[in-house]
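Visitor: I have not seen this structure before. Please show it to me, and then I will ask about it.

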Amino acid sequence: MATRGTGHSPANVTKHLKGIDFPAEKKDLVKHAQHMKAEKIVIDEIQKMEDREYGNMADVMKAFGGKGSEEGSSKSGSRSSKQQTGSQAGQSKSHSRSHH
């Protein structure tokens, strides 16, 4: 089987599943990839995934990445914004006494 480098990279799968409605069954993922003119190898990779319902793209990537290459598939794009708890605000009470 000759692969030309593209094939089963997670980015390639997400590209061919762009716009799919979640939750989606595996058969829906396959159908959507075919509709998006995905290469046979991409469709084959999706068909190797567990036959179940996927809730979102991160879910698909987890299942996809779980077959060997688990490289950063846990990044689902959610950033945690750190809120500063005003611990410094209000502590700098200026006691400036001028002595004449």
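The questions below go from the whole chain to one residue and one helix.

Visitor: In what pattern do the helices and strands follow one another along the chain?

Guide: This is a predicted model. The chain has 4 helices and 2 strands. Read along the sequence, their pattern is α-β-α-α-β-α.

Visitor: Over which residues, besides 1–6, is the pLDDT below 50?

Guide: The average pLDDT of the chain is 72, and 57% of the residues score at least 70. Residues 1–6 stay under 50, with 4 contacts beyond four places in sequence. Where pLDDT is low, the predicted coordinates should not be read in detail. The other stretch, which has 3 contacts beyond near neighbours in sequence, is residues 68–94.

Visitor: Is His 16 buried or exposed?

Guide: His 16 lies in helix α1, residues 10–16. Leaving aside neighbours within four places in sequence, His 16 is in contact with several residues, including His 32, Met 36 and Val 42. Buried means under 20% relative accessible area. His 16 has 5% relative accessibility, so it counts as buried.

Visitor: Which residue has its backbone oxygen 2.8 Å from a polar atom of the His 16 side chain?

Guide: A polar contact is a pair of N or O atoms within 3.5 Å. At 2.8 Å from a polar atom of the His 16 side chain lies the backbone oxygen of Asn 12.

Visitor: Which helices are included in what covers the buried residues of α3?

Guide: Helix α3 spans residues 40–48, and its buried residues are Ile 41, Val 42, Ile 43, Glu 45 and Ile 46. One of these, Val 42, is in contact with His 16, and His 16 lies in α1. The cover includes α1, α2 (26–35) and α4 (57–65).

Terms used: Residues are numbered from 1 along each chain as its sequence is written. This is a predicted model: local features need pLDDT of at least 70, side-chain atom pairs count only at pLDDT 80 or more; totals for chains, interfaces and linings use all residues. Side-chain values use heavy atoms; hydrogens and water are left out. Buried means under 20% relative accessible area, exposed over 50%, partly exposed in between (1.4 Å probe, protein chains only). A polar contact is a pair of N or O atoms within 3.5 Å; within protein, one must be able to donate a hydrogen and the other to accept it, and residues adjacent in sequence count only if both atoms are side-chain atoms. Contact means heavy atoms within 4.5 Å. pLDDT is the predictor's confidence in each residue, from 0 to 100.
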